[in-house]
Amino acid sequence: MGAVDLRGLLAASGDEHERWSRTINPQFVRVLRTIGFDRTWARAEGAYLFDVDGNRYLDMLGGFGMYNVGRNNPRIRTALIEALELETPGSVQLGVTALPGLLAEALLARAPARLERVLFTSSGTEAVEAALKLGRAATKRTRVLSAEHGFHGLTLGSLSANGNDEFTSRFGPLLPGFDRVPFGDLDALEQQLRSEDVALFLVEPIQGKGVHLPPAGYLEGAQALCRKSGTLFCVDEVQTGFGRTGRMFAFEHWGLEPDLVPVAKSLSGGYVPVGALLMSRRVHEAVYDSMENALSHGSTFAPNELAMAAGLATLRELDEQDLVGHTARLGDHLLERTRPLVDEFEVVRDVRGLGLMWAIEFGEPASSGRLSWRMIEKMQPGLFAQLVVAPLFSEHHILSQVAGHKLAVLKVLPPLPIGEQDIDDFVGALTATIARAQRMPRSLTRFALTAAGIR
Ligand code: PLP
């Protein structure tokens with residue numbers, strides 16, 4: 001028997017939307033069809049996707065931030081092939097192998113000295129779950145604080161820390177002991193921490209839903225308050241880590257030294273599921289305190305050797321291509337080119353970002369277009385952003401996203417090797433698309449009506 005003939009299977013696979021709809025999720029395929037995103041994808045490279053007709057699309061979405069080193073990065077691929085060819089031992093389970101230790105060492109070498117141990121997982125939400133469990137056990141406290149509108153993944157523990165009703169409302173009861181405070185409000189945090197019964201404060205350095213940057217002094221203040229009350233400070237770098245904001249980790253912008261740091265997404269170059277919780281030795285030793293507790297938390301596939309090999313190659317790639325510095329420079333360029341849009345268009349309320357995590361927020365225009373804005377907002381709050389995202393894709397072949405449920409915010413997280421010309425192309429297409437969406441031509445109204453009907 002030979003190996004499975006993937007090339008043959010793919011060539012003869014037929015309509016993947018029909019099959020996906022029949023076997024995986026028909027509602028998702030309906031959404032794709034409604035917004036016109038139902039392309040048949042053939043291949044990808046760097047910051048580009050190609051459909052079967054050979055059209056090239058600029059990927060400003062980056063797989064929700066898992067392609068920091070670019071799609072199908074050849075050096076990550078080589079590392080994976082090498083790991084397969086070496087026939088490394090894989091998971092012995094009752095034994096250890098070299099690759100996880102090497103990646104743990106490489107991660108810690110890039111993190112503040114306070115972080116001394118790594119627990120590998122297979123996703124971001126599992127890294128957060130580990131922070132919740134270990135944080136509770138290490139402090140012998142049960143309460144968990146997180147920020148309103150925060151996002152940390154969709155398994156039940158992470159969901160209990162979620163700050164948006166649209167994710168949580170149908171899945172209760174959530175875990176007990178979870179409370180939320182407004183992002184940016186140190187007084188509210190201090191009030192909650194005063195009782196000295198909070199195990200950890202879990203916070204994104206930049207909130208992914210809507211792309212909200214912290215007010216000056218907030219994260220430093222939150223860290224100080226946590227230290228004062230014996231609460232662990234947990235900074236979720238799942239989306240912001242590995243160069244995304246123009247630093248290896250976003251917390252570096254504010255000189256933070258968290259006790260717990262969940263990471264995931266781009267760590268394996270987008271090839272293999274991966275996640276990790278970086279933590280202080282104090283936390284680790286409080287939980288893994290005896291041979292009896294040597295396996296207190298973990299899962300079968302983590303650490304996975306292919307993920308480890310890809311992780312080592314990804315860290316090297318970030319360094320060798322200076323992707324972190326490149327991201328800082330291009331992020332500045334993107335902001336410089338897009339900030340004037342606030343004055344150019346009444347409908348543009350704000351442009352914000354750090355590195356290549358960027359968003360543009362729309363709001364009701366003061367004069368022209370006000371009635372159209374109100375009409376589409378009535379159909380569905382935030383729908384205007386979809387009126388920009390859809391034509392950016394269909395007419396300009398640029399993939400982007402709406403930044404959250406009912407948010408009039410368009411967000412981008414492109415692969416970091418994107419070029420300056422790509423950024424300029426994006427800005428040109430965005431400007432033309434906003435100008436047209438603001439006039440609300442009939443075709444857009446029709447689209448808005450259909451899109452508002454998605455349920
Ligand atoms: N934390 C943050 C900040 C995220 O943005 C995400 C995913 O988008 C997660 C956690 C969950 O990661 P995963 O989707 O790998 O479970």
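**Group meeting: a walk through a predicted model**

Hi everyone, let's start at Leu 49: setting aside residues up to four places away in sequence, Leu 49 touches Trp 41, Arg 43, Ala 44, Asn 55, Arg 56, Tyr 57, Asp 59, Arg 71 and Leu 399. Contact here means heavy atoms within 4.5 Å.

A word on the source. This is a predicted model, where local features need pLDDT of at least 70 and side-chain atom pairs count only at pLDDT 80 or more, while totals for chains, interfaces and linings use all residues. Residues are numbered from 1 along each chain as its sequence is written, and side-chain values use heavy atoms, with hydrogens and water left out.

Back to our leucine. Leu 49 sits in strand S2, residues 48-51. Is Leu 49 buried or exposed? Leu 49 is buried, at a relative accessible area of 9%; buried means under 20%, exposed over 50%, and partly exposed in between, with a 1.4 Å probe and protein chains only. For a sense of distance, the C-alpha atoms of Leu 49 and Leu 200 are separated by 40 Å, and the two residues are 151 apart along the chain.

Now the sheet around that strand. Four strands make an open sheet in the order S1-S2-S3-S13, with mixed pairing. Its edge strands are S1 (41-45) and S13 (398-399), each pairing on one side only. Strands are DSSP runs of E with at least two residues, helices are runs of H or I with at least four, and both are numbered from the N terminus; two strands pair if DSSP finds at least two bridges between them. Strand S3, residues 56-59, pairs with S13 in the parallel sense over 2 bridges, and Asp 59 stands opposite Leu 399 in S13. Both Asp 59 and Leu 399 are among the residues that Leu 49 touches.

Next, a hairpin. S11 and S12 form one with 2 residues between them, and in the turn Gly 355 has a positive phi of about 60°. Strand S11 (residues 348-354) runs antiparallel to S12, joined by 6 bridges, and Leu 354 stands opposite Met 357. How many residues of strand S12 are buried? Strand S12 (residues 357-362) is mostly covered, with 5 of its 6 residues buried. S12 also runs antiparallel to S15, through 4 bridges, and there Trp 358 has Val 412 as its bridge partner.

Just before S15 (409-412) comes a loop from S14 (401-402), and that loop holds Gly 404. Gly 404 counts as buried at 15% relative accessibility.

One helix stop: His 17 lies in helix H2, residues 16-23, and is buried at 11%. Beyond its neighbours within four places in sequence, His 17 is in contact with Val 29, Arg 33, Asp 38, Arg 39 and Thr 40.

Finally, the whole protein. There are 19 helices and 15 strands. The radius of gyration is 23 Å, close to the 23 Å that the globule rule gives for 455 residues, so the protein is as compact as a globular protein of that length; the radius is taken over C-alpha atoms, and the rule is 2.2 Å times the number of residues to the power 0.38. The C-alpha trace spans about 70 × 65 × 40 Å along its principal axes. Of the 455 residues, 52% count as buried. Among contacts with a separation of 6 or more, 70% come from residues 24 or more positions apart. Thanks, all!
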